[in-house]
Amino acid sequence: NKRAQEAMAAFLGVVTADLRAGATVPRALNRGVEALPGNAPTEFAQILHSAAVLAHNGASPHVALQEATHPELLRLAYMVGLAHTHGIALAPLLEQAHNRIDAQRRHVQATAASLQGPQATSIVLACLPLAGIAMGGAMGANSLSFLLGGGLGGALLVGGAVLLCSGFMWSRTI
């Protein structure tokens, strides 16, 4: 999905810029296909290439785009079909789609960056019980034999492990 968004953003950016510069739709679509990143999904490249060929031959490119299964390509098909059917300028529509994709990508990046601190904290908190056992051993307490010896120690070990795992899973869920 990330590769698809990157490919669509690159495609829309080039096509929009070319249309605003006065290029024809077939030429802009062809340049957009040429600008696709190398890691673009094959479906994207093939369908966008088919759309560019259709536009070059005088047909509406939305016919090729409608055969796509990816939602971004279907949105593009809708916009191109809308522009073709109602005579709406294509550049503003594609620019809005490009801006939407860029805003989504920025949001995902900002969310990932803001979650790095809490993720690191959850890892540190998950390691604290091990640090406590090690510190107890360093102070002379026989923590491992108490925890592995059964009875109260065994119950505490099982309870602590359950709480540790559930806390770690809960922090991953959040």
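This is a short talk that walks through one predicted protein model, from its confidence values to its core, its salt bridges and its surface.

Hi everyone, and thanks for coming. Since the model is predicted, let's begin with confidence. The mean pLDDT of the chain is 89, and 100% of the residues reach 70 or more. Which elements sit at the two ends of the range? Helix α2, residues 25–34, has the highest mean pLDDT among the elements, at 92, while helix α4, residues 62–65, has the lowest, at 85. As a general reminder, predicted coordinates should not be read in detail where pLDDT is low.

Now to the inside. The largest nonpolar core holds 33 residues, and the members that touch the most others are F11, L48, L65 and L76. Which elements give two or more residues to this core? They are α1, α2, α3 (42–56), α4, α5 and α6. Helix α1 gives the most, with eight residues.

Let's take two of those well-connected members in turn, beginning with L65. You will find L65 in helix α4, the element with the lowest mean pLDDT. Is L65 buried or exposed? It is buried, because its relative accessible area is 2%, and buried means under 20%. Leaving out residues up to four places away in sequence, L65 touches I47, L48, A51, L73, L74, L76, A77 and V80. If you want a distance to check on screen, the C-alpha atoms of L65 and A52 are 9.9 Å apart, with their positions 13 residues apart along the chain.

Next is L76. With the same kind of sequence neighbours set aside, up to four places away, L76 touches M8, F11, L12, L48, L65 and L94. Notice that this list includes F11, L48 and L65, which we met a moment ago among the members with the most core contacts.

While we are at helix α4, have a look at H62, which also has its place there. H62 is buried, with a relative accessible area of 16%. What is H62 in contact with, once neighbours within four places in sequence are left aside? The answer is A77, V80, G81 and H84. Two of those names, A77 and V80, are also in the contact list of L65.

On to charges. In general, side chains of opposite charge can pair when their charged atoms come close. How many salt bridges does a search of the whole structure find? It finds five, and I'll show you three of them.

The first one I'd like to show is R20 with E95, where the closest N and O atoms are 2.4 Å apart. R20 belongs to helix α1 (residues 2–20) and E95 to helix α6, so this pair ties together parts that are 75 residues apart in sequence. Both partners are partly exposed: R20 has a relative accessible area of 48%, and E95 has 30%.

The next pair is R75 and E72, with 3.0 Å between the closest N and O atoms. These two residues are in helix α5 (residues 71–86), and because they are three residues apart, about one helical turn separates them. Their surroundings are not alike: R75 is partly exposed at 40% relative accessibility, whereas E72 is buried at 7%.

The last pair for today is R105 with D102, whose closest N and O atoms are 3.6 Å apart. Here too the spacing is three residues, about one turn, this time in helix α6. R105 counts as partly exposed, with 27% relative accessibility. Salt bridges also share partners in this structure, and in that way E72, R75 and R100 are joined into one network.

Finally, let's move to the surface, staying with helix α6, which spans residues 90–138. Which residues form a nonpolar patch there on the surface? They are V124, L125 and L128, and together they have about 280 Å² of accessible area. L125 lies in helix α6, and it counts as exposed because its relative accessibility is 51%, and exposed means over 50%.

Helix α6 is also the place of A138. A138 is exposed, with a relative accessible area of 67%. How far apart are the C-alpha atoms of A138 and V108? They are separated by 44 Å, the two residues being 30 apart along the chain.

That's my tour. If you go back to one spot on screen, try L65, buried at 2%, and then turn to A138, exposed at 67%. Thanks for listening!

Methods
Residues are numbered from 1 along each chain as its sequence is written. This is a predicted model: local features need pLDDT of at least 70, side-chain atom pairs count only at pLDDT 80 or more; totals for chains, interfaces and linings use all residues. Side-chain values use heavy atoms; hydrogens and water are left out. Patches are made of residues with over 30% relative accessible area and no salt bridge: like charges are joined within 9 Å, nonpolar side chains (Val, Leu, Ile, Met, Phe, Trp, Tyr) within 5 Å. Accessible areas come from the Shrake-Rupley method with a 1.4 Å probe; for residues, only the protein chains shown count as cover. A salt bridge is a side-chain nitrogen of Lys or Arg within 4 Å of a carboxyl oxygen of Asp or Glu. Helices (H or I, at least four residues) and strands (E, at least two) are DSSP runs, numbered from the N terminus. Buried means under 20% relative accessible area, exposed over 50%, partly exposed in between (1.4 Å probe, protein chains only). pLDDT is the predictor's confidence in each residue, from 0 to 100. Contact means heavy atoms within 4.5 Å. A nonpolar core is a set of buried Ala, Val, Leu, Ile, Met, Phe, Trp, Tyr and Cys residues joined through side-chain atoms within 4.5 Å.
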